[in-house]
Amino acid sequence: TMVSVKREREIDLDDDDNDDGVARKIGRGRVVEDRRSRHCPYLDTINRSVLDFDFEKLCSISLSHINVYACLICGKYFQGRGLKSHAYTHSVQFTHHVFLNLHTLKFYCLPDNYEIIDSSLEDITYVLKPTFTKQHIAGLDKQGKLYRAYDGTTYLPGIVGLNNIKANDYANVVLQAFSNVPPLRNYFLEEENYRGIRRPPGDIMFLLVQRFGELMRKLWNPRNFKAHVSPHEMLQAVVLCSKKNFQITKQGDAVDFMTWFLNALHGALGGTKKKPSIITKAFQGSMRIFSKKLPHPDLLPEEKEALLVTEEYQEQMSESTFLFLTLDLPTAPLYKDEKEQLIIPQVPLFNILGKFNGSTEKEYKTYKENFLKRFQLTKLPPYLIFCIKRFTKNNFFVEKNPTIVNFPITNVDLREYLTEEAQATEKNTTYDLVANVVHDGKPTEGAYRIHVLHHGTGKWYEMQDLQVTDILPQMITLSEAYIQIWKRQENQDDTNNHAGV
C-alpha cells in the first residue's frame, strides 16, 4: 500500500532510535522481522582489534554527541544512520557495513538499514558496557584467575594500566588506588547503587559519579579486548567539574587531586556533613584538636606573660572529622658533606605518626597569628589514608623532601593515637597497607607510580601508566611514598595470617 511504502521511506531517513521499527518490515499491517537481521553477511568483516570505547562518544566529523554509531570495521564514530548521515556516507564510501549505536547498544547494517540480531556480538556490547552481578562482585577478592584479552595478553582484572594521555599520571594513581578499595569499588561497579540519586537541575558534578563508575567497570572487566584502559572520559569530566583546576596536559599534585575528588564525589552522591556517603563510610575518621594561641614573638617577655593568662590564650578543644591524615616529615638536612652525599635521610612511620599522640605540639603560622596545636584521634575509619607531606611551597619555588619513610606493610597498630575513651570502644585498630602512591623526581616535573595489593592473589603490583609489573613487598618501602591507603583488619585473629610478610 501507499502508506507502507511511505512509512518505509520515513524509517530509512530516520535518525531517531526510539523507533524500534527500523529493523522490521511492515507487511499487511503487521510487524515482521527483516529476514536479513539474523543472517547478515558482513559479520566476518568486524575488526575487534580496532574497537576502543574508552573515548568520548563523539562523531568524528560533526563532533556531535547525538546518535553516535561506531563503525565496527575501522573503529571510527559517526553520527546518524539515515540517508546522507555521516555513518551512511561512510558505509557507502568505504564499504564498511556493520555499525553499533553507542547509546542503545543495537547493531545495524548500512546502507541497507536493518537491525542485526546475533549472539556472537555480545562480547562487543559487554566491552562497551560491562555489567557485574552481586555474585560476581562478592567473588572479586577471593580469586586470582588470569584472563586473556582479545589481543592475546593476559591480565588480572583490577590490575590494569591506564593511559597517560599527556600529563595525567597524578590523577591515574589516585583512580587506581580507589579502584582497589573494595567497598568503594563494589559500590561503583553496580550502577543501581547511585542511579536513583536526584541532583538539582544543571548540576554537572554527577557526571563524575557516572564516569568513575564506568571507569571502575572497565578496570575490573574480565572480558576486555585489551589489557589496559584509557581514562579519557573520566578525565574530561574532571577537567569540566573542577573548572579546569585539574588538567590532562599539565602535571598536577596527586594529594590536591585526591582531596578535591573525594569531596566532589561525596557531594555528588548527595552526602553532606550529617548525611554519609560511600566516601565517608570508607574513609572518614575523627579527631580532637587542641589549639592554643601564641603571643606575637616581637613582644617583650612580660607582655607575653600577661597575655598567656588571658582567656584568649587558653587552650581550646574542638572535634573534627577527616578523610585523610597528613604526616609531616622532619626537615631534610640542607648541607651534605662528601660522605653524606649518597645518604638519603630515613624516618620510621611511627615517628611521624607521633603528631597524633595527643601530646606532640606543633606550631602553625597564619598570616596574622601563631598557634600551637596537638591532635588525638577519636575514631578510626575502615580505610585510613595517609598523605606524607613531601612538598613545601614558598614564594619562589616548590621544595621536595626526599626522606624515606620506613613502614611495615602489615600490622600497623594505631591504638596509642586514640583517646582513652576511644581505646575502650574501638575493637580493631590494626591496619595493613593496600595502596602506596610514589612520587619520583623533581617537585614540578616528576612522575607518579603506584603499588597495589591484589586481594585475590595476595601479590603486590606496581603500575606506572600502561606498565604493570609484579613487585616484592620489601621493595615498596624503599620508595618516596606520597599517599598510602591502609585497610583495617576485620578480625584480630587475622594477624597470624600475615606474619610471613
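A residue counts as buried when its relative accessible area is under 20%, and in this predicted model that cut-off settles the status of Phe188, which at 0% relative accessibility is buried. Tyr187 has 17% relative accessibility, so this residue also falls on the buried side of the limit.

Before the rings are followed further, the confidence of the prediction deserves attention. The protein chain has an average pLDDT of 88, and 90% of the residues score at least 70. Over residues 1-27, however, the pLDDT is below 50, although this stretch has 50 contacts in the model beyond near neighbours in sequence. Residues 492-501 likewise have a pLDDT below 50, and for this stretch the model holds 14 contacts beyond near neighbours in sequence. Where pLDDT is low, the predicted coordinates should not be read in detail.

We can now return to the aromatic residues. A pair of aromatic rings is described by the distance of the centres and the angle of the planes. The model contains 22 aromatic pairs, and one of them joins Tyr187 to Phe188 in an edge-to-face arrangement, with 5.2 Å from centre to centre and 80 degrees between the planes. Phe246 and Phe257 form a pair whose ring centres are 5.5 Å apart and whose planes meet at 75 degrees, so this pair, too, is edge-to-face. That second pair links distant parts of the chain, since Phe246 belongs to the loop between helix H9 (232-241) and helix H10 (254-268), whereas Phe257 lies in helix H10, 11 residues apart from its partner. Phe246 and Phe257 are both buried. Ring pairs connect these four residues with others into a cluster, whose members include Tyr170, Phe178, Tyr194, Phe212, Trp260, Phe261 and Phe283.

Helix H9, which precedes the loop that carries Phe246, is itself mostly covered, with 8 of its 10 residues buried. Among the buried residues of H9 are His232, Glu233, Met234, Leu235 and Cys241, and the buried residues of this helix pack against helix H5 (169-179), helix H8 (206-219) and H10. Just after H9, Lys243 adopts a positive phi of about 50 degrees.

Two further rings are met by charged side chains. The charged end of Arg223 sits over the ring of Tyr126, at 4.0 Å from the ring centre, while Lys373 lies over the face of Tyr364, where the distance to the ring centre is 5.4 Å.

The last topic is empty space. Rolling a probe the size of a water molecule over the atoms shows where empty space is left. The structure has 3 cavities of 30 Å³ or more, and the largest cavity holds about 80 Å³ of space. Its lining includes Leu51, Asp52, Phe53 and Asp54, together with Val127, Lys218, Asn224, Phe225 and His228. The largest pocket holds about 840 Å³ of space. Of the 28 residues that line this pocket, Leu329, Lys389, Arg390, Phe391 and Thr392 are the closest to its centre. Strand E14 (325-328), strand E16 (362-365), strand E19 (391-393) and strand E20 (398-400) are the elements that give two or more residues to the lining, and E14 gives the most, with 3 residues.

Terms used
Residues are numbered from 1 along each chain as its sequence is written. Side-chain values use heavy atoms; hydrogens and water are left out. pLDDT is the predictor's confidence in each residue, from 0 to 100. Contact means heavy atoms within 4.5 Å. Rings of Phe, Tyr and Trp (its six-membered ring) pair if their centres lie within 6.5 Å; planes under 30 degrees apart count as stacked, over 60 as edge-to-face and the rest as tilted. Buried means under 20% relative accessible area, exposed over 50%, partly exposed in between (1.4 Å probe, protein chains only). Helices (H or I, at least four residues) and strands (E, at least two) are DSSP runs, numbered from the N terminus. A charge sits over a ring if NZ of Lys or CZ of Arg is within 6 Å of the ring centre and within 35 degrees of the ring normal. On a 1 Å grid over the protein atoms alone, a cavity is a set of points where a 1.4 Å probe fits but cannot get out, and a pocket is an open set with protein on both sides within 12 Å along at least five of seven lines; lining residues have an atom within 4 Å of a point. Grid points are joined across faces, edges and corners, and a volume is the space filled by probe spheres set on the points.
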